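The following exercises are to be worked with the sequence and the model in view. Each task is followed by a solution in steps.

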Amino acid sequence: MARLSSSGAMPQLAIYGLWLLTAASLLALIDALFNYVDAGNGIHGTEGALLVVISTALQLIAALLILFNVLRGGWRILFEVLILLDLIGTVAAAHFLEAPLLVVLTIIGFIGWLLLLVRPPRPVDQVEIAP
């Protein structure tokens, strides 16, 4: 399934976090699309709602790239940081657009992102110190 490139298997908690982030991103995208096209709310068709749709779509793409192990090394770290920035921007925009479900889904995605950061400990080489 998902594996780290150089340090072996990804910890189980990180895999759960990645799945949680991906699922929350997908649900947030669905909710953002609904908010954009539904005429029953005050934000349908606005640029802010469209921005949230685009940002959650990019967040989902980034999460899927990490999930399917397309990104390795520095690219993976870059996309993890970009996901964090996307989560922060999305929760702020969802708050200003008064979309409480989107706020909750983004917070759930942030919890998944935190779990994604779990890394196995690196082996420490034993260094002898001369007296």
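Contact means heavy atoms within 4.5 Å. The model is predicted, and the solutions below refer to that model.

**Exercise 1. The chain as a whole**

Task: Determine how many helices and strands the chain has, and in what order the elements run.

Solution.
Step 1. The chain contains 4 helices and 0 strands.
Step 2. Read from the N terminus, the order of elements is α-α-α-α.
Step 3. Of the 131 residues in the chain, 37% are buried.
Step 4. Among contacts between residues at least 6 apart in sequence, 67% join residues at least 24 apart.

**Exercise 2. Two polar residues of α1**

Task: Establish whether Ser-25 is buried or exposed, and which residues Ser-25 touches beyond four places in sequence. Then treat Thr-22 likewise.

Solution.
Step 1. Ser-25 belongs to helix α1, which spans residues 12-37.
Step 2. Buried means under 20% relative accessible area. The value for Ser-25 is 0%, so Ser-25 is buried.
Step 3. With residues up to four places away left out, Ser-25 touches Gln-59 and Leu-60. The side chains of Ser-25 and Gln-59 are also joined by a polar contact of 2.9 Å.
Step 4. Thr-22 lies in helix α1 as well. Its relative accessible area is 8%, and Thr-22 is therefore buried.
Step 5. The side chain of Thr-22 reaches a backbone atom, the oxygen of Leu-18, at 2.8 Å.
Step 6. Apart from neighbours within four places in sequence, Thr-22 is in contact with Leu-60, Ala-63, Leu-64 and Leu-67.

**Exercise 3. Packing of α1 against α2**

Task: Describe how α1 and α2 are oriented, and which classes of residue form their contact.

Solution.
Step 1. Two packed helices are described by the angle between their axes and the distance between the axes.
Step 2. For α1 and α2 the angle is about 155 degrees and the axes are 9 Å apart.
Step 3. Angles over 145 degrees count as roughly antiparallel. The helices α1 and α2 are therefore roughly antiparallel to each other.
Step 4. The crossing of α1 past α2 is left-handed. Residues of α1 in this contact include Trp-19, Thr-22, Ser-25 and Tyr-36, and those of α2 include Val-53, Gln-59, Leu-60 and Leu-67.
Step 5. The contact of α1 with α2 comprises 19 nonpolar, 4 polar and no charged residues.

**Exercise 4. Packing of α1 against α4**

Task: State at what angle and axis distance α1 packs with α4, and what the makeup of their contact is.

Solution.
Step 1. Helix α4 covers residues 100-116, and packs with α1 at an angle of about 160 degrees with the axes 7 Å apart.
Step 2. With this angle, α1 and α4 are therefore roughly antiparallel to each other. Their crossing is left-handed.
Step 3. Among the residues that meet are Gly-17, Leu-21, Ala-24 and Asp-31 in α1, and Leu-105, Gly-109, Gly-112 and Trp-113 in α4.
Step 4. Sorted by class, the residues of the contact of α1 with α4 are 16 nonpolar, 3 polar and 1 charged.

**Exercise 5. Packing of α2 against α3, and the residue Ile-66**

Task: Find how α2 lies relative to α3, then identify the contacts of Ile-66 outside four places in sequence.

Solution.
Step 1. The axes of helix α2 (residues 47-67) and helix α3 (residues 74-96) come within 10 Å and cross at roughly 150 degrees.
Step 2. At that angle, α2 is therefore roughly antiparallel to α3. The crossing of α2 and α3 is left-handed.
Step 3. Among the residues making the contact are Gln-59 and Ile-66 of α2, with Arg-76, Phe-79, Glu-80 and Asp-86 of α3. The contact of α2 with α3 divides into 10 nonpolar, 4 polar and 3 charged residues.
Step 4. Ile-66, a residue of helix α2, has a relative accessibility of 1% and so counts as buried.
Step 5. Leaving out residues up to four places away, Ile-66 touches Leu-18, Leu-71, Arg-76, Phe-79, Glu-80 and Ile-83.
Step 6. Ile-66 and Glu-80 are 14 residues apart along the chain, and their C-alpha atoms are separated by 8.4 Å.

**Exercise 6. Two loop residues**

Task: Decide whether Asn-69 is buried or exposed, and likewise Glu-98.

Solution.
Step 1. Asn-69 lies in the loop between α2 and α3, and its phi is positive, near 60 degrees.
Step 2. With a relative accessibility of 15%, Asn-69 counts as buried.
Step 3. Glu-98 is in the loop between α3 and α4, and has a positive phi of about 55 degrees although it is not a glycine.
Step 4. The relative accessible area of Glu-98 is 70%, so Glu-98 is exposed.

Technical notes: Residues numbered from 1 in each chain as written. Predicted model: local features only at pLDDT ≥ 70, side-chain atom pairs only at ≥ 80, totals over all residues. Heavy atoms only, no water. Helix = DSSP H or I, 4+ residues; strand = E, 2+ residues; numbered from the N terminus. Buried < 20%, exposed > 50% of the residue type's maximum accessible area, 1.4 Å probe, protein only. Polar contact = N/O pair within 3.5 Å; in protein donor to acceptor, adjacent residues only side chain to side chain. Axes fitted to C-alpha atoms, helices over the stretch in contact; angles between N-to-C directions. Parallel < 35°, antiparallel > 145°, perpendicular 65-115°, else oblique. Left-handed = near helix turned anticlockwise from the far one by under 90°. Nonpolar A, V, L, I, M, F, W, Y, C, P; charged D, E, K, R; others polar.
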